[in-house]
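Grab a pencil and open the viewer. Here are some exercises on how the parts of a structure touch each other, each with a worked solution.

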Protein chains: 2
Amino acid sequence: MAASTELERFPNTGLFLEGRLRHDLSQEEKVELESLVSRVEILPDGHRLISRGDICDHSTMLIDGFMLRTLDSGDRRYGVSFHVPGDFVDLHCFALKRLDHNIECVGQAKVGLVPHERIAEVMKEKPHLARLFWFSTLLDAAMHREWIMKLEQLKVPQRIAHIFAEVWCRLDMVGLAFEDGFDTPLTQADLADMCGATPIHVNRAIGELRKSGIADFNRGEVRICNREKLESFADFEKDYLYGDGALSLRQDGL
Amino acid sequence: MAASTELERFPNTGLFLEGRLRHDLSQEEKVELESLVSRVEILPDGHRLISRGDICDHSTMLIDGFMLRTLDSGDRRYGVSFHVPGDFVDLHCFALKRLDHNIECVGQAKVGLVPHERIAEVMKEKPHLARLFWFSTLLDAAMHREWIMKLEQLKVPQRIAHIFAEVWCRLDMVGLAFEDGFDTPLTQADLADMCGATPIHVNRAIGELRKSGIADFNRGEVRICNREKLESFADFEKDYLYGDGALSLRQDGL
DNA sequence: CGCATCCTTGAGGGCCATCAAAATGCGTGG
DNA sequence: CCACGCATTTTGATGGCCCTCAAGGATGCG
C-alpha cells in the first residue's frame, strides 16, 4: 500500500490526505509539510488536547491513535467527530483562533505540533498547499453534514453501524484497517456520546447488531463479516469522504 | 446599525462577516471583496443553486433571502444548515470542487456570483482576506458541530426552539431581526426536514411552544415575547456563532 | 483478591412515527 | 366576487424506539 512508503519518507505527516488528495501534493510540498512539525508528543488516554475557548498558537497532526471532538452541555459530553491517523485534527484553530469544542485522546495518541506562524508562512508563500489545508478542514465539515443527516435519519442501531462503516473506511484509506474490521479504544459509553443515546441503549443496539450478524463489538474490537450488509443496514454511502466515490477529485486535480 | 452604512457602500457584500470579523477587513479588502462579484441574480423559491456532485467554477454570496443546505437519502430531504444574508454560501466548493450537498432557495433570493479564478487570485495575493474566507467556512463547520450536539441532546420541541433562537440571533447580527422575532419563508415541513422529524410531529411541537408561551410560528412569522425563556428552553448558547459571546475574536484580531 | 471499569439484563413510561383525515389560507381564473 | 386547486397547518389513535431507575456480571489491574 502507498501509505507505508509514504510513512517511511514522512513519518509524521505521511498519512495526511492519504486516499484523498495526497496525490496532488508535490514532493516539495510533502517535504515542506513534514518540516512544519516542530515537536512530537505521546499523549495518554483521555488527555484533553484543547478545551473550548482556549486560544492556541499551534495545530496538531494526529500521527498515531484516535481522537474525539466533543462538546459539553448540561453535565454530559457529546461526541461530534472522530479522528484517525493522518487527520490534521485542529487545523481549524489556525483560522478560528479560539476553538468552539474540545479535543480528547481516545487511547494513547502520538501527535505532531505545528506552530501557527509556520502555517501563516504557508498561507503567504504556498497557495496550493494552503488550499489543500483548507480542503482538509472542509472535509471535516462534509463529515459533519453527513453525520447531521444520519442523526436525523437513523435509529440508534443504524447510527452505530454507520460509525463502524465510516471508521473502517477511513482506516482503510490510511492502511490501518483489517480484512474483517478494525481495532479502536472506543467504549460503548463513547459510542453513546457519539450517538446521543444512553450507554444502556447502545449496549442493547450492539446486541442486535451481533445477533443479526451485522457487526460484532467487543472491548474495542470491531469485527464485520459482511461489509455489504453493514453498509446497507447503516445506509452508508462513502462518497462524502472524498475518497474513490462519486465525489472523488482524483481525476480532476484542483 | 453598522450593517446599513456598510450596505450602502458595498451593496453585494456589505453583510459578509457582519457581527463577526468584518471589523477585521481593511477598506481595501472590502473594495476587493465587492469587486469579486461578477454578476447578481434573482432566484425563485425552491430553486436549486447546486446539486450534490456538481462541479462548479464559481461561488455564491447570499445578498438577500434565505437558503437551505440539504442532503437527500432514501426518498427524503434532510436539512443540514440554513443561510441568511451575508453568508458566502458555497465558498466551500472553491476548495471541494465537487459539493457533497445541495443548496436550495427558501423563498426568493438575491445572490452574487464570484468566479473561482478570482478567489484563486485572492489566495495568491491577499493572504489575510484568504484567511477570513477560510474563517467563514469554518464558522459553518462550528455551526454544524453545534447542531450535531443539539440533535444528540434535544427533543423535537427544543430543536425547533433552537433553530428559532439561532436564526434570530444571526439575523440580528446582520440587522435583519425585529424586536419580537423575525420573518422567514420556512414552512413546518422545512422545519421537519431540519429536525429529522415528521411534519405532523413538528406541528404538535409548535403547538406546545405556542401554548407554553415560548414562541409563536405562523406562516413564516416567528414571534417571541420572551427571549430568555426561548433560549433557556432550547439550551441555546450563542458562543459558537463567534459573535459577541465567550469565543468572540473582536478584541484579539487575528 | 479487591477494585475499577466496562458490559449486560429487566421493567415501566414518554416521545415520536405511521396511518388516516380534515380544516385553513392563498392565488388564480372565471 | 366566488369557485377551485393547492400548499400548509391541524387533529386523533395506535405502536415502536429509547429513556430512566435499578441491579448484576465480566474483565483486567495492582
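**Exercise 1. Find out what Arg204(A) reaches on DNA strand C, and compare with Gln188(A) and Asn203(A).**

Solution. Keep in mind that you're looking at a predicted model.

Step 1: Start with Arg204(A). One of its polar side-chain atoms sits 3.2 Å from a base oxygen of DNA strand C. A polar contact needs N or O atoms within 3.5 Å, so 3.2 Å makes the cut.

Step 2: Now try Gln188(A). Here a polar side-chain atom is 2.8 Å from a phosphate oxygen of the strand.

Step 3: Asn203(A) also points a polar side-chain atom at a phosphate oxygen of DNA strand C, at 2.5 Å.

**Exercise 2. Describe the protein surface around DNA strand C: which residues come nearest, and which elements supply it?**

Solution.

Step 1: There are 18 residues around the strand, and the nearest are Gln188(A), Asn203(A), Val156(B), Ala197(B) and His201(B). On the DNA side, sugar and phosphate make up 63% of the strand's atoms within 4 Å of the protein.

Step 2: Look for elements giving at least two residues each. You should land on α8 (199-211) of chain A, plus α6 (156-173) and α8 (199-211) of chain B. The top contributor is α8(A), with four residues.

Step 3: Sort the surface by class. You get six nonpolar, six polar and six charged residues.

**Exercise 3. Work out how chain A and chain B meet: how many residues touch, and what area is buried?**

Solution.

Step 1: Count the contacts. Chain A brings 58 residues and chain B brings 59.

Step 2: Get the area. About 5,100 Å² is buried between the chains, with 65% of it from carbon and sulfur atoms. On the chain A side, Trp134(A), Arg145(A) and Glu152(A) lose the most area to chain B, together 17% of what that side buries.

Step 3: Check the charged pairs. The two chains share four salt bridges. One joins the side chains of Arg145(A) and Asp100(B), at 3.0 Å from N to O. For polar contacts, the tally across this interface is 16 residue pairs.

Step 4: Ask where chain A's side comes from. Its biggest share is 20 residues from α5(A). By class, that side holds 31 nonpolar, 11 polar and 16 charged residues.

**Exercise 4. Stay inside chain A: where are its two domains, and what holds the contact between them?**

Solution.

Step 1: Mark the bounds. Domain 1 of chain A covers 2-138 and domain 2 covers 155-234. The contact uses 18 residues from domain 1 and 16 from domain 2. Their C-alpha centres are 24 Å apart.

Step 2: Find the buried area. The two domains of chain A bury about 1,500 Å² between them, 63% of it on carbon and sulfur atoms.

Step 3: Look for pairs. Four salt bridges turn up across the domain interface. Try Asp87(A) and Arg170(A): their side chains meet in a salt bridge of 2.9 Å, N to O. You can also find eight residue pairs in polar contact between the domains.

Step 4: Trace the domain 1 side. Two or more residues each come from β3 (58-73), β4 (76-83) and β5 (102-115) of chain A. Of these, β4(A) gives the most, with six residues. Sorted by class, this side has nine nonpolar, four polar and five charged residues.

How values were computed: Residues are numbered from 1 along each chain as its sequence is written. Chains are lettered from A and ligands numbered from 1 in the order in which they are written. This is a predicted model: local features need pLDDT of at least 70, side-chain atom pairs count only at pLDDT 80 or more; totals for chains, interfaces and linings use all residues. Side-chain values use heavy atoms; hydrogens and water are left out. Domain bounds come from an automatic or database domain assignment. Contact means heavy atoms within 4.5 Å. Buried area is the accessible area (1.4 Å probe) that two parts lose on being put together, summed over both. A polar contact is a pair of N or O atoms within 3.5 Å; within protein, one must be able to donate a hydrogen and the other to accept it, and residues adjacent in sequence count only if both atoms are side-chain atoms. Ala, Val, Leu, Ile, Met, Phe, Trp, Tyr, Cys and Pro count as nonpolar, Asp, Glu, Lys and Arg as charged, and the others, Gly among them, as polar. A residue is near a molecule or strand if one of its heavy atoms lies within 4 Å of it.
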